[in-house]
Amino acid sequence: MTGNMHLGVEEPIRECQYNQICTHNSSPMDTPHTKKKKIKRKWQVFPGRNKFYCNGRIMMAKQTGVFYLTTVLILVTSGLFFAFDCPFLASNLTPAIPAVGGVLFVFVMGMLLRASFSDPGVLPRATPEEAADTERQIDATNGPSGPGYRPPPRTREVVINGQTVKLKYCFTCKIFRPPRASHCSLCDNCVERFDHHCPWVGNCVGRRNYRFFYLFILSLSFLTIFIFAFVITHVILRSNRTGFLSALKDSPASVLEVVVCFFSVWSIVGLSGFHTYLISSNQTTNEDIKGSWSSKRGKGNFNPYSYGNFLTNCCAALCGPLPPSLIDRRGFVQPDTPQPAAQTNGTGACPSNQVQNHMAATNPLLHSQPIILGGGAPLQAKTSLGGPCSTLGPSQASLPSSIPGLSCGGELMALRDSEIHCHHHLHHQHFISPEETPSPPAALPCATHLGHNVHPAQVFNPASQDSLHEDSVRGLVKLSSV
């Protein structure tokens, strides 16, 4: 009966010994059961509501239906003009007309695609560590909060060219937005120098694509006026030769072109004029609608971003250096450290340092007390911790408390709970990473601190230990003293 009980108790300890012994230094990469995660690019895990094409090279808003309508209108109107009007105009007036029209068309499409497919200046969101640090700074600035305390609005103030500018906190991106930045509710991103969200181009308009948007609407205005004017010229020249009705029958597409250009030219030209005014004063649509720099807000309120010169403001908006993208959408996501998978044979394979920390956490050993083996001489550990119930360092190995003869301040250690605790952790707990390994306690628990009564049947008699128990203890002592 006693031998069977000893074997049942010692089996978890023998398994722990086997997992602790390593013949070579191995890393998690050497484990054959390592789970390898597929490396992803940052656009695949982008938190905003955007669409990406061509492996992240093209970035657009989620709602792109109006953009396709814009593209179809330009292509159809220009195609009809080149097919039905340009042959007559080139033969009767000058071949320069289709050439100029072709240059305008190519430029319009190039600026449209550049404004639609590029990053408008999205600001990256804060990492959890950065967000936590910002929260600590806000709490430290606002001071302690009590019942009924209402925190002030999260803003910071900076001075730009003598003008005080407030920086608002974005609760979605967890950052204080830079000056002139705003959060787009449709794309769910903070955009640097946010102008507006344009559904016609299918993207936000910000610092990195504003010049392309402005050149698009400006060139589109010229193209619309150009097509409208020469379509009317074509109809008039045909009417002088064959009559008005015959001219319409000979070129029925001219009617459709005139209708489309007539109803669109006013809005396009008006939008171009409005943005020309914004560029000349170095403002954004968002600032103009809100009246951020209006004199109605105060006599000392002025636009701190204006250079005070029409030409300088235009050069700064259209000819200045283009900032790089901050989100690196085609970059690779940093993979996590490969984690070993759980063993299928029921025993967890732990590195030596994890096993030592695990044993020290569950069954601490008092190195100042001698280890009494059955029928043998006491073995004294090399390291003395200075007395009972001392503190163990995180790197010091320890032995299970099931070794007989251990005492803590003259009291016997309980065995049954420690055995169950060790067995539970060895067979039912899988450490995912070294950070999740439980650290050893600061103080060694004594029998009086275990919260239960100690019975004599729970303690082994040193004289009744068999040879298997002695070999196991000697092996553990040698490992702990290395």
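**Exercise 1. In this predicted model, find which residues Ile74 touches, leaving out residues up to four places away in sequence.**

*Solution.* Start at Ile74 and skip its close sequence neighbours. The contacts that remain are Phe105, Val108, Met109, Leu112, Phe216 and Leu220. Next, place Ile74 in its wider setting: the largest nonpolar core has 36 residues, and Ile74 is among the five that touch the most other members, along with Phe81, Leu112, Phe213 and Phe216. Then ask where this core comes from. Elements giving two or more residues to the core are β2 (58-61), α2 (65-92), α3, α5 (210-242), α7 (253-281) and α9 (310-318). Of these, α5 gives the largest share, 11 residues. Finally, look for a further core: a second, separate one has 7 residues, including Leu123, Cys170, Ala181 and Cys190.

**Exercise 2. Decide whether Thr71 is buried or exposed, and list its contacts beyond four places in sequence.**

*Solution.* First locate Thr71: helix α2 holds it. Its relative accessibility is 15%, and buried means under 20%, so Thr71 counts as buried. With neighbours within four places set aside, Thr71 is in contact with Met109 and Leu112.

**Exercise 3. Do likewise for Ile97: is it buried or exposed, and what does it touch?**

*Solution.* Ile97 sits in helix α3, which runs over residues 96-117. Its relative accessibility is 5%, so Ile97 counts as buried. Not counting residues up to four places away, Ile97 touches Phe81, Leu89, Phe226 and Phe230. For a distance check, take Phe82: 15 residues separate it from Ile97 in sequence, and the C-alpha to C-alpha distance is 9.9 Å.

**Exercise 4. Work out what span α7 should have, and compare it with the model.**

*Solution.* Use 1.5 Å a residue: the 29 residues of α7 should span 42 Å. The end C-alpha atoms of α7 are 42 Å apart, so the two values agree. Now look along the helix, where α7 bends by about 35° at Val265. Just after α7 comes Asn282, with a positive phi near 55°.

**Exercise 5. Two residues other than glycine, Arg193 and Asp328, have positive phi. Where does each lie, and how accessible is each?**

*Solution.* Take Arg193 to begin with. Its phi is near 50°, and its place is the loop between β7 (189-191) and β8 (196-198). With a relative accessible area of 15%, Arg193 is buried. Turn to Asp328, whose phi is also near 50°. Asp328 lies in the loop between α9 and α10 (352-362). Its relative accessible area is 41%, so Asp328 is partly exposed.

Technical notes
Residues numbered from 1 in each chain as written. Predicted model: local features only at pLDDT ≥ 70, side-chain atom pairs only at ≥ 80, totals over all residues. Heavy atoms only, no water. Helix = DSSP H or I, 4+ residues; strand = E, 2+ residues; numbered from the N terminus. Buried < 20%, exposed > 50% of the residue type's maximum accessible area, 1.4 Å probe, protein only. Contact = heavy atoms within 4.5 Å. Core = buried A, V, L, I, M, F, W, Y, C linked by side-chain atoms within 4.5 Å. Expected span 1.5 Å × (residues − 1). Bend = angle between axes of the 7 residues up to and from the residue.
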